Amino acid sequence: MSGAGKVYLVGAGPGDPKLITVKGMECLQKAEVVVYDRLANPALLEYAPQTAERIYCGKLPDHHTMRQESINELLAEKALEGKVVVRLKGGDPCVFGRAGEEAQHLAERGIAFEIVPGVTAGIAASAYAGIPVTHRDHGSSFAVVTGHLREDKPELAVEKWSALANGIDTVAFYMGVANLPLIRTQLIKHGRDPHTPVAVISWGTLPQQAVVTGTLADIEERLAQNSHITNPAIILVGDVVKMREKINWFEATLGIEQVQQ
Ligand code: SAH
């Protein structure tokens, strides 16, 4: 073992490579090892020294390429070799990014680490779709929720649905596209107005960003008519979605055809 290594758990931002933080970029520039995700923009890897070892450990929606335990071990092992390790993750590392588990693994072994927050997709993809997640007139509360819903705790799920349907103005569902039928039905069943606006934003902040809007009542049908909406995508529910009509700035600058009626 050489000198003390360190692991930086770094948020890469949502897609647009310029949305990484200055601190995250500084970490990349001094990295000796970069362990990166599927959703971290690969363009960012160019900022690591040429000599840095680059290790892909991304997961695909249907199968894992590397188990989380193996990633934890890898980070620890490289740091114990004395290396500066950057664990580069899409968005923010602590928002459905498992940074908590990785940090815990390192803490338990006495390995130094830092968490460098990133711009999370639920906020950034929405902003790039012309939707502020809060607004004085249209939304004073905001929740991030996984769309990978666990069916093993039904009573908890009922409480959660009820809270999301009645207590939160804007809800961003991550990893939720496959469960869109369930999500919209549960929200309506628990009392949310079926006319509530919804946006599905795929590849937010990138040139291939695509958006479909509708309401809880018809979003499923509208999505079915737009096959170019693919993962990764955010489902954003709430009155703030209406703002898109007025401030859809990003697609306008790109000249992207708006998939909106
Ligand atoms: N840590 C990440 C989230 C990882 S979970 C973050 O903070 O953003 C992966 C989910 O994030 C995807 O299923 C999708 O719901 C969302 N996501 C990530 N990048 C996205 C993008 N560019 N546009 C839309 N959704 C995105």
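How many residue pairs are in polar contact across the interface of domain 1 and domain 2? The rule finds 2 such pairs, both at pLDDT 80 or more. A polar contact here is a pair of N or O atoms within 3.5 Å; within protein, one must be able to donate a hydrogen and the other to accept it, and residues adjacent in sequence count only if both atoms are side-chain atoms.

This is a predicted model, in which local features need pLDDT of at least 70 and side-chain atom pairs count only at pLDDT 80 or more, while totals for chains, interfaces and linings use all residues. Residues are numbered from 1 along each chain as its sequence is written, and side-chain values use heavy atoms, with hydrogens and water left out.

**Two domains**

The chain is divided into domain 1 (6-119) and domain 2 (122-254), with bounds that come from an automatic or database domain assignment. Their C-alpha centres lie 28 Å apart. Domain 1 gives 9 residues to the contact and domain 2 gives 11 residues, where contact means heavy atoms within 4.5 Å. Between them the domains bury about 800 Å², with 76% of it on carbon and sulfur atoms. That area is the accessible area (1.4 Å probe) that two parts lose on being put together, summed over both. The rule finds 0 salt bridges across this interface, a salt bridge being a side-chain nitrogen of Lys or Arg within 4 Å of a carboxyl oxygen of Asp or Glu.

**Helix H1**

Helices (H or I, at least four residues) and strands (E, at least two) are DSSP runs, numbered from the N terminus. In helix H1 (residues 22-29), the buried residues are Gly-24, Met-25, Cys-27 and Leu-28. They lie on the same side of H1, because they cover an arc of only 155° around the axis. The arc is that of the directions from the helix axis to the C-beta atoms. Buried means under 20% relative accessible area, exposed over 50%, and partly exposed in between (1.4 Å probe, protein chains only). The cover over these residues includes strands E1 (6-11), E2 (33-36), E4 (84-89) and E5 (112-116).

**Backbone in the loops**

Most residues other than glycine have a negative phi, and most peptide bonds are trans. Two residues other than glycine have a positive phi here.

| Residue | Phi | Relative accessible area |
|---|---|---|
| Phe-96 | near 50° | 39%, partly exposed |
| Met-175 | near 55° | 38%, partly exposed |

Phe-96 is in the loop between E4 and helix H3 (99-108), and Met-175 is in the loop between strand E7 (170-174) and helix H6 (180-189). The peptide bond from Asn-231 to Pro-232 is cis, with omega near 0°. Pro-232 is placed in the loop between helix H7 (219-224) and strand E10 (233-237).
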